[in-house]
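Reader: I would like to go through this structure and ask for the grounds behind each label. Please show it before we start.

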Amino acid sequence: MESRDQSNRQLGRAYCYSNVERRQSVSPSVIVIGGGFAGVAAARALHDAAFQVVLLESRDRLGGRVDTNYSFGFPVDMGASWLHGVCKENPLAPLIGRLGLPLYRTSGDNSVLYDHDLESYALFNTDGNQVPQELVTNVGEAFEGILKEAHKVRQEHSEDMSIRQAFSIVFERRPDLRQEGLAHNVLQWYLCRLEGWFAADADTISLKGWDQASEELLPGGHGLMVRGYRPVINTLAKGLDIRLGHRVTKIVRRFNGVKVTVEDGRTFIADAAVVAVPLGVLKAKSIKFEPRLPEWKEEAISGLGIGTENKIALHFDKVFWPNVEFLGVVASSSYECSYFLNLHKATGHPVLVYMPAGLLAQDIEKMSDEAAANFAFLQLKKILPDASKPIQYLVSHWGTDINSLGSYSYDAVGKSHEMYERLRIPVDNLFFAGEATSMSYPGSVHGAFSTGLMAAEDCRMRVLERYGELDLFHPVMGEETSVSVPLLISRM
Ligand SMILES: Cc1cc2nc3c(=O)[nH]c(=O)nc-3n(C[C@H](O)[C@H](O)[C@H](O)COP(=O)(O)OP(=O)(O)OC[C@H]3O[C@@H](n4cnc5c(N)ncnc54)[C@H](O)[C@@H]3O)c2cc1C
């Protein structure tokens, strides 16, 4: 499939195969662009359906926004780390179950904190005093009340608005839900967690999108991948033709073939391509499409929101913090609040992961790694003044890394959720996959995985219909899910 001859003559030759010649000589070919969960799932499915597949990945590693780092001597996920929806309906459950990978469940269904229950935590004021648990529970209930009222506001208004605007309407109507003093700060902490879920600030999150999000949750709660996500992607990628360090810069589509150019000028040709690069990369227009993508597709690319969430993992020589699942600092605005995930609880390793989102995450991205790690450590010192310095740290930069340019998508204010579907719909022989093409489970690993399978199936049908070879090939999906192995979950 690789062509060093960049002239159209070579591309033309590929197109000149007649149907008869193709049937005798080669199977249909596909180029998959992007080696995250979506791209690898698409490549796996098409490879298993006897397509010739080449996967082009810009980084020197697979996984994309799944990035299990081993430099502490054990796995730490710097991108995704939870399986959202610990249940057999989760499209990734059969594979995770078969690999025997343990999960540590941090919340059950419908928690007001999404991936946490208020079961094992310690929240502190900025002066280092712990917030009484009863106050946290009471404010949690008030927050639930605010969300219920916000849901009503959503039903009453046909026009969309930001979640912050909806909250102000709620407070005007129900002044009893307003909180004062320390309770106000605790409420800001709840808001900070909501913003973390969307990787965006309250004034950019759509009320409609927020309301829709509860419908996108699979049952079973949220389970941390104790050994990291890496073994899952490695298993999916086994035996595939993967070219790391291949940054795609141009995609040319003609009536029956595609030509893909990478940064150093090399070109690849195939019958079709699956575009599984992040929304942020599409927004930045760093890949040139020829001819230009249709207007409706460009609108979807610009209309969807892309947020920022980062992780700063601090590795200590020993545990000096309370034995809880998470620690938090409450403050007068959600921007100043903070949240640390205690990995020790789930994995036994002395690591705290500080996770800023939205504007705060973007501001921290402007710092050097050392300054960012110091910043996180200072937040910790506010609550545990005797904290010893970390022995190692890791800092993610999902918002500025040119391979992601954002953490995950969200519904922007005033834009329809249909934008996700528009981003998925194929254009000629280009098929689109990735978390931001998932109407059902955007912003998640299992969502990205399912869109990869969907794109592979669409591609298989389209290409084989074109060549009249539909009967010769087996369905792309199916066998993987036939054997069901139960998931290994701790903290039931
Ligand atoms: C900090 C953070 C925490 C998260 N936590 C969770 C979680 O706990 N659970 C969960 O389910 N989800 C979580 N997510 C979301 C989840 O990681 C993503 O939704 C999912 O991994 C996206 O997969 P993808 O295949 O769509 O994109 P990606 O994984 O980003 O894959 C796209 C690939 O395309 C490559 N690429 C980019 N440009 C080019 C180019 N020009 N040419 C070739 N290749 C290119 C990239 O290098 C990348 O490998 C989190 C994300 C972040 C950032």
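Author: UniProt annotations may be inferred rather than shown by experiment. The model itself is predicted.

Reader: With that said, which residue does UniProt list for "binding site"?

Author: The unreviewed UniProt entry lists Tyr354 under that heading. Tyr354 belongs to strand β20, which spans residues 351-354.

Reader: What makes Tyr354 count as buried or exposed?

Author: A residue is buried if 20 or more other C-beta atoms lie within 10 Å of its own. Tyr354 has 24 such neighbours, so Tyr354 counts as buried. Leaving aside residues up to four places away in sequence, Tyr354 touches Ile312, Leu314, Ser338, Phe340, Ala376 and Gln379.

Reader: How do you know whether Ser333 is buried or exposed?

Author: The limit for exposed is 12 or fewer C-beta atoms within 10 Å. Ser333 has 12, and is therefore exposed. Ser333 sits in the loop between β18 (326-330) and β19 (338-342). Its C-alpha atom is 41 Å from that of Gly97, a residue 236 positions away along the chain.

Reader: What is the sheet that holds β20, and why are two of its strands said to stand at the edges?

Author: The sheet is open, has 6 strands and runs in the order β8-β18-β19-β20-β17-β21, with mixed pairing. Strands β8 (121-125) and β21 (392-395) each have a single partner strand, so each has one side without a neighbour in the sheet, and they are the edges. On average, neighbouring strands of this sheet are turned by 20 degrees against each other, direction ignored.

Reader: How do you know that β18 and β19 pair?

Author: Two strands pair if DSSP finds at least two bridges between them. β18 and β19 are joined by 4 bridges and run antiparallel. Phe326, for example, has Leu341 in β19 as its bridge partner.

Reader: Which helices lie on this sheet?

Author: Helix α7 (residues 181-198) packs on the sheet and touches β8, β18 and β19, its direction making about 125 degrees with that of β18. Helix α14 (residues 369-383) lies across β8, β17 (312-315), β18, β19, β20 and β21, at about 70 degrees to β17.

Reader: Which residues of α9 are buried, and why are they said to share a side?

Author: In α9 (residues 230-237), the buried residues are Val232, Ile233, Leu236 and Ala237. They span an arc of only 125 degrees around the axis, so they are on the same side of α9. Their cover includes α3 (37-48), α4 (93-99) and β10 (241-243). After α9 comes Gly239, with a positive phi near 80 degrees.

Reader: What makes the radius of gyration agree with that of a compact globule?

Author: For 492 residues, the globule rule gives a value near 23 Å; the protein has 24 Å, and therefore agrees. The C-alpha atoms fill a box of roughly 75 × 55 × 45 Å along the principal axes. Buried residues are 48% of the 492. Of the contacts with a separation of 6 or more, 74% come from residues 24 or more positions apart.

Reader: What does UniProt list for residues 37-459, and what is the chain there?

Author: The unreviewed entry lists these residues as "domain: Amine oxidase". Over residues 37-459 the chain is 35% helix and 20% strand, with the end C-alpha atoms 17 Å apart. The protein as a whole has 16 helices and 24 strands.

Definitions and conventions: Residues are numbered from 1 along each chain as its sequence is written. This is a predicted model: local features need pLDDT of at least 70, side-chain atom pairs count only at pLDDT 80 or more; totals for chains, interfaces and linings use all residues. Two residues are in contact if their C-beta atoms, placed from the backbone, lie within 7 Å. The arc is that of the directions from the helix axis to the C-beta atoms. Axes are lines fitted to C-alpha atoms, for helices over the stretch in contact, and angles run from 0 to 180 degrees between N-to-C directions. The radius of gyration is taken over C-alpha atoms; the globule rule is 2.2 Å times the number of residues to the power 0.38.
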